[in-house]
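Subject: Structure handover

Hello,

The structure we spoke about is below. My notes on it follow; please read them with the coordinates open.

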Amino acid sequence: MRLNSFVSLLGKGGFDGAIISPGSNLYYLTGLRIHETGERPTLLALSAEGDYRLLAPSLYENTVGDFPATFWRDGENPYEKLAWILAEMHISSGKVLIEDTMRADWLIGIMRLGDFQFQPLSSVIRELRMRKDAGEIVNMKHAAKAADRVFEELLSWDILGMRERDLALRIELRIRELSEGISFQPIVASGENAANPHHEPGERRLREGDMVILDFGARWRGYCSDITRTIALGNPDERLVEVYNVVREAQESAYRAVKAGVKAKEVDAAARGTIEKAGYGRYFTHRTGHGLGLDVHEEPFIGPDGEVTLENGMTFTIEPGIYVPNLGGVRIEDDVVVVDGRGRRLTRAERELVIV
């Protein structure tokens, strides 16, 4: 059970306990899908001795099954009940892990309950989540296949003249038909807008000669995919075709560098070196990739400062890009898993330049 593995890490790290709010970490440890509950505190408390209990508003009474839980109703003070739970676990001070993304008002309420030394939960749970087991990889393959299929279908759509935001919506709807839903809001960046790596789809209509960056992903059983392809509408500028070929080579160089035992920064260096050699180094403005799993961005990060040593089961993106102001941009992204000591692509859609 993942909770037992996590409790073991608590003890090894000298922590007295952990307090976790809804999100991917709570789901990873318990299998409970509890959505963000606004102002109503929902918290999982754990001790280094292996005790754990969920504090939740009463609206979850019929959804958590037999998981140990204490419920509170509107009008009651949830922090009084949390204090009782922590007292039962003999946690009134000491080193406590706290969810990185917890609401500030919840954290302030917890701080009033004892003399705690808080540290971010990610510093410990990353050791479990970075290495995916066989079941997790199966889920990620399913999510990747959904993304691949949407891209393949998209090539047959009549997109010339369509607004960016309309194409993004159509991509989202198709993803939802094929999977649990999107892993993030799709990016459609056309023409000069493609010079912005995280462009928000807008009113611009896709035109003849555009290069169009398409970045989207699906979820399956909570696990994410994340794919980017850049396509051409008609005959694009020759400079952008050159850029495409450089990015394609950089992505392949980084992929070939993926091996168990190498550091994440070595994969980044393979992509970055290819782009710099071609004279476009200043136009590659982000890291080469990021970890992927229950979150679309998690450990390990594939950047110049990536000190994590790659191991079997680690999953991440490889997505070099070149973005030239007033001209456009190109990004190519695949999801990769380390298996049997080497990288394997989960996303497999066409990577050669497709002209629609």
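Two elements, helix 6 (134–154) and strand 19 (342–345), each contribute at least two residues to a positive surface patch. Please bear in mind that this is a predicted model. The members of the patch are Lys141, Lys145, Lys259, Arg342, Arg344 and Arg348. Arginine 344 sits in strand 19. Its relative accessibility is 32%, so arginine 344 is classed as partly exposed; the patch takes residues with over 30% relative accessible area and no salt bridge.

Next, the interior. The largest nonpolar core has 36 residues, and those that touch the most other members are Phe6, Ile20, Leu46, Leu54 and Leu97. Two or more residues of this core come from each of helix 1 (2–12), strand 1 (17–20), helix 2 (24–30), strand 2 (43–47), strand 3 (52–57), helix 5 (122–129), helix 6 and strand 11 (223–224). Helix 1 gives the largest share, four residues. Helix 6 therefore appears in both lists: it supplies at least two residues to the positive patch and two or more to the core.

Proline 22 is found in the loop between strand 1 and helix 2. This proline has 2% relative accessibility and so counts as buried, the cut-off being under 20%. Between the C-alpha atoms of proline 22 and isoleucine 171 there are 28 Å, with the two residues 149 apart along the chain.

Some backbone geometry is also worth a look when you set up the system. Glutamate 299 and proline 300 are joined by a cis peptide bond, with omega at about 0 degrees. Proline 300 belongs to strand 14 (residues 298–302).

Two residues other than glycine have a positive phi, as follows.

- Histidine 90: phi is near 60 degrees. Histidine 90 is in the loop between helix 3 (78–88) and strand 5 (93–98), and is exposed, with 75% relative accessible area.
- Asparagine 326: phi is near 65 degrees. Asparagine 326 is in the loop between strand 16 (321–324) and strand 17 (328–331), and is exposed, with 78% relative accessible area.

Both values lie on the exposed side of the cut-off, because exposed means over 50% relative accessible area.

Regards

Definitions and conventions:
Residues are numbered from 1 along each chain as its sequence is written. This is a predicted model: local features need pLDDT of at least 70, side-chain atom pairs count only at pLDDT 80 or more; totals for chains, interfaces and linings use all residues. Side-chain values use heavy atoms; hydrogens and water are left out. Patches are made of residues with over 30% relative accessible area and no salt bridge: like charges are joined within 9 Å, nonpolar side chains (Val, Leu, Ile, Met, Phe, Trp, Tyr) within 5 Å. Accessible areas come from the Shrake-Rupley method with a 1.4 Å probe; for residues, only the protein chains shown count as cover. A salt bridge is a side-chain nitrogen of Lys or Arg within 4 Å of a carboxyl oxygen of Asp or Glu. Lys and Arg count as positive and Asp and Glu as negative; His and the chain ends are not counted. The place of a charge is taken as NZ of Lys, CZ of Arg, CG of Asp or CD of Glu. Buried means under 20% relative accessible area, exposed over 50%, partly exposed in between (1.4 Å probe, protein chains only). A nonpolar core is a set of buried Ala, Val, Leu, Ile, Met, Phe, Trp, Tyr and Cys residues joined through side-chain atoms within 4.5 Å.
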